[in-house]
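Trainee: Could you take one part of this model and go through it closely? Please explain each term as you use it.

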Amino acid sequence: MKTTRKEREELVQRAMLAKRRAYAPYSNFRVGAALLTKEGDVFDGSNVENSSYSLTICAERNAVFQAVHAGKTRFRSIAIASDDDELLTPCGACRQVLSEFSPTMEVILTTVDGHVRVTSLDRLFPMPADLKKLARVPRTRKK
Ligand SMILES: [Zn+2]
């Protein structure tokens with residue numbers, strides 16, 4: 001099902017609101033994401049930093065993990081908002097995590113000034129790692 005203009009506007013608003021809840025005392029780079037499920041539910045998330053930098057979680061994965069925890073694993077769209085005046089794209093880790101559930105989903109990129117660009121995950125991340133392929137390789141071919 002295609003995302004409507006109204007749904008996109010709502011997702012962008014939700015992502016901007018989620019950004020306000022970011023915990024980013026180290027980078028001061030706040031990010032918010034709002035994820036629309038196939039069923040029409042919206043889950044949002046913000047980046048949560050940690051003084052041990054590698055433990056930081058991005059807004060996009062925060063939203064995905066909340067949705068999955070609630071039993072939702074099929075997504076139509078995600079909007080991503082930051083304080084940057086350039087479009088913010090998801091990092092590689094987030095692209096991989098989103099791809100696990102909905103490899104062709106819509107991705108809405110925004111700027112702090114309200115510029116919006118709609119793209120798709122398969123355009124941003126055309127060849128994801130797919131462990132499901134492991135099951136398709138016959139044992140006899142493994143050398
Ligand atoms: Zn990320």
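Mentor: Start with a single pair: A34 has A79 in strand 3 as its bridge partner. Helices (H or I, at least four residues) and strands (E, at least two) are DSSP runs, numbered from the N terminus. Two strands pair if DSSP finds at least two bridges between them. This is a predicted model, in which local features need pLDDT of at least 70 and side-chain atom pairs count only at pLDDT 80 or more, while totals for chains, interfaces and linings use all residues. Residue numbers run from 1 along each chain as its sequence is written.

Now take strand 1, residues 31-37. With strand 3 (residues 75-82) strand 1 shares 7 bridges, and the two run antiparallel. Strand 2 (residues 42-46) is also antiparallel to strand 1, joined to strand 1 by 5 bridges. There, L35 stands opposite F43. Strands 1 and 2 form a hairpin with 4 residues between them, and G40 in the turn has a positive phi of about 100°. Of the 7 residues in strand 1, 6 are buried, that is, each has 20 or more other C-beta atoms within 10 Å of its own, with C-beta atoms placed from the backbone (12 or fewer counts as exposed, anything in between as partly exposed). In a regular strand, side chains alternate between the two faces of the sheet.

The sheet around strand 1 is open, has 5 strands in the order 2-1-3-4-5, and its pairing is mixed. Strand 2 and strand 5 (116-120) are its edges, each pairing on one side only. From one strand to the next, the twist averages 20°; axes are lines fitted to C-alpha atoms, for helices over the stretch in contact, and angles run from 0 to 180 degrees between N-to-C directions.

Helix 2 (residues 59-69) packs on this sheet, touching strand 1, strand 2 and strand 3, and its direction makes about 140° with that of strand 2. A contact here requires two C-beta atoms, placed from the backbone, within 7 Å. Among the buried residues of helix 2 are A63, V64 and A67. Their cover includes strand 1, along with helix 1 (5-19) and helix 3 (92-101). After helix 2 comes G71, with a positive phi near 90°.

As for the whole chain, its secondary structure comes to 4 helices and 5 strands, in the pattern α-β-β-α-β-α-β-β-α along the sequence. Of its 143 residues, 32% count as buried.
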